[in-house]
Amino acid sequence: MDFKLTEEQQMLQDTVARLVREGYGFEQRESFRASEAGFSHAFWAQLGELGLTAVPFGEAFGGFGGGGVDTMLVMNELGRGLCLEPYLHSVIFAGGLLEQLGSDQQKDQLLTQVASAQLQLAVAFEEPQSHYHLNDVQTRAQAVDGGWTLSGHKAVVIGGQTAGLILVSARSAGGGRDEDGISLFLVDPQAAGVTRRVYPTIDGVKACELLLDGVFVANDKLLGQAGKAFGALRYQQGRAIAAQCAQAVGSMEEACTLTLDYLKTRKQFGQPIGSFQVLQHRMVDMRSELDQATSMAMLAACAADQADSDERSRTLAAAKYVVTRAGRFICEQAIQLHGGIGLTQEYVLSHHAKHLVMISHQFGDDDHHLQAYARLLQVA
Amino acid sequence: MKVLVAVKRVVDFNVKVRVKADNSGVDLSNVKMALNPFCEIAVEEAVRLKEQGVASEVVVVCVGAGAAQEQLRTALALGADRAVLVESADELGSLAVAKLLKAVVDKEQPQLVILGKQAIDSDNNQTGQMLAALSGFAQGTFASKVEVAGDKINVTREIDGGLQTVALNLPAVVTTDLRLNEPRYASLPNIMKAKKKPLETLTPQALGVSTASTVTTLKVEAPATRSAGIKVKSVAELVEKLKNEAKVIQ
């Protein structure tokens, strides 16, 4: 396997790395986190100006035509900086759904704006009872004259608080956990009947509960065919999972770097604590987990663009599991090796720890992915 | 006006370099390389001159191994029009590089040559000055401000005593200091465009320049690790230590 980056990929990585290094120091992040949007509009706009939000889109929409590996390079650096901007949900997840399901007219109207970060999207696919199952949709879409009315409750919509449009999965036919009958709509958060309850999540990223009370959505706001959105939701969530694995690896790399520096600097009992063999063992264990996670993130990045298949789904489930397990191990060890300050709000490590724990509860937790993997193993 | 910018491929500033076990040099295997930060500032200044309508073409040149193409592509992505690689696998000192750049200057006939004031690996701060002397150009070094005024160029230099502004006749050599400008980011569209810009490769032989060195590196070693400070009980003890141990007074 050839892991060498092309010149363009190297330059892409360098640009994002420098952007994050210069614009996302810890103090800056804290001020973004405390803002109303929960992220920096200026940084988001810069991502757009530099073409970074256009990476995965085709050249027709001002994009780079980038694949999973290019996305991985960007997400890795954004993860390292703990960037709060909704890149994953707007560009990868929502943008992907739009590109896969959208009509030519919808794509012409919206994709260029998404690619330039002028339009920020969110995806409302989870519900209080859905517990990671994309097919567990109780929000209803009732066909009416000229469109649909949506009623229901979508949970933890990341970026929903600032989104220009929210992609909402709602059931237009069938019941319970039927895969068939799920439709995807472009909902204007300012429309009548839409309520957003905004809150910060554990790691500071803002999200909202989306309450829909008879919200009218015109026919041209339906994405793809009515009742047939499930396949695309699963496929694009797969791309999002691969991107999130890369983001987690960036955060883990930083956690390991911080810990190693601390071990070499902190003196106790007359010497740097890193000279104690047991702590060296623990540091090595962290690096071993990081290496495995890095490999799985690369595998996921390659699988993300493949055609939808059980093998792809199995690979992504495995990657998510390995990466988030490594993430929790690394952040727990890092906190222990730092002693008390590892837990404090004033030190960036605790924020990495919270982020890595959050990530293990997005797009499916350990049990969810192990079950999916086991089920797909039987099919193979 | 054609502007020529010379750049260097160096170890990335973030890397903690290590000396090889045999003390023959610095270990560069698998180490991240990058465009020298001062050279990046030089490219930025040239591109700004082009945007102001002062420069008509920005040509970037690098003396180095084949891998230096990466840095030339980066310079193209930052806005340069054309790139030239003078390919040499040898480690060349300032004088050899200056001679090679002189040959490129003869070939390209620029009105202005901009270089970084020094490279962060060798820290010589010599190449720009040597090039100016070899080509008979005026020189304005450690520039914190550059202003083209007709057929002259005003360069504000950061010197020990403060700021000095000199007016140079063109053609001239300018070397950049940190505060001259803040380099732009390479945007994705520009990274894509850089792929299509021309990059030509030359050799020292083709330029008719001998790169034989008059200098041999005998040994490279890491600086002594800093030892703990000591407290003294009296001025007399301090003076005694300064005289006999540190040997900085007589």
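Leaving aside neighbours within four places in sequence, with which residues is R328(A) in contact? The tour returns to this residue after a look at the whole of chain A. The structure is a predicted model, and every value below is to be read in that light.

**Chain A as a whole**

Begin by selecting chain A alone. Its secondary structure amounts to eleven helices and ten strands. With a radius of gyration of 21 Å, close to the 21 Å given by the globule rule for 380 residues, chain A is as compact as a globular protein of that length. Turn the chain along its principal axes: the C-alpha atoms fill a box of roughly 80 × 50 × 40 Å. If the 380 residues are coloured by burial, 49% of them are buried. Among the contacts in chain A with a separation of 6 or more, 74% are between residues 24 or more positions apart.

**R328(A) and its surroundings**

Now select residues 310–338 of chain A, which form helix α9, and find R328(A) within this helix. The contacts asked about at the outset are L356(A), V357(A) and S360(A), once neighbours within four places in sequence are set aside. Is R328(A) buried, exposed or partly exposed? There are 17 other C-beta atoms within 10 Å of R328(A), and the residue is therefore partly exposed; a buried residue would need 20 or more. Add R177(A) to the selection and draw a distance between the C-alpha atoms. R177(A) and R328(A) are 151 residues apart along the chain, and their C-alpha atoms are separated by 31 Å.

**Two helices side by side in chain A**

Next select residues 230–265 and 277–304 of chain A, which are helices α7 and α8. Their axes lie 9 Å apart, and the helices pack at an angle of about 160 degrees. Because of that angle, α7(A) is roughly antiparallel to α8(A), the cut-off for this description being over 145 degrees. The crossing of α7(A) past α8(A) is left-handed.

**A hairpin in chain A**

Move to residues 194–200 and 206–218 of chain A, the strands β6 and β7. These strands run antiparallel and are joined by seven bridges. One pair to display is V198(A) with its bridge partner in β7(A), C208(A). Between the strands of this hairpin there are five residues. Which residue in the hairpin takes a positive phi? Select G204(A): its phi is positive, near 95 degrees.

**Where chain A meets chain B**

Bring chain B into view and select residues 7–23 of chain A, helix α1, together with residues 69–77 of chain B, helix α2. The two helices pack at an angle of about 65 degrees, and their axes are 10 Å apart. Here the crossing of α1(A) past α2(B) is right-handed. To see the residues that meet, show E7(A), Q10(A) and M11(A) in α1(A), then E70(B), R73(B), T74(B) and A77(B) in α2(B).

**Chain B as a whole**

Hide chain A. Chain B has seven helices and eleven strands, and its C-alpha atoms fill a box of roughly 65 × 40 × 40 Å along the principal axes. Buried residues account for 36% of its 250 residues. Of the contacts between residues at least 6 apart in sequence, 69% join residues at least 24 apart.

**The sheet of chain B**

In what order do the nine strands of the open sheet in chain B stand? The order is β9-β8-β7-β10-β6-β1-β4-β5-β11, with mixed pairing. Select β9 (162–169) and β11 (199–202) of chain B to mark the edges; each has a single partner strand, so one side of each is without a neighbour in the sheet. From one strand to the next, the twist averages 30 degrees.

Then select β1(B), residues 2–7. Five of its six residues are buried, so the strand is largely enclosed by the rest of the structure. On one pairing, six bridges join β1(B) to the parallel strand β4(B), residues 57–64. A6(B) has V61(B) as its bridge partner in β4(B), and V5(B) has V60(B). On another pairing, four bridges join β1(B) to β6(B), residues 112–116, which also runs parallel. In β6(B), L115(B) stands opposite A6(B).

**A helix across the sheet**

Finish with residues 127–135 of chain B, helix α4. This helix lies across β6, β7 (138–149) and β10 (172–176) of chain B, and runs at about 75 degrees to β7(B).

Key. Residues numbered from 1 in each chain as written. Chains lettered and ligands numbered in written order. Predicted model: local features only at pLDDT ≥ 70, side-chain atom pairs only at ≥ 80, totals over all residues. Pairing = 2+ DSSP bridges. Rg over C-alpha atoms; globule rule 2.2 N^0.38 Å. Buried ≥ 20, exposed ≤ 12 C-beta atoms within 10 Å, placed from the backbone. Contact = placed C-beta atoms within 7 Å. Axes fitted to C-alpha atoms, helices over the stretch in contact; angles between N-to-C directions. Parallel < 35°, antiparallel > 145°, perpendicular 65-115°, else oblique. Left-handed = near helix turned anticlockwise from the far one by under 90°.
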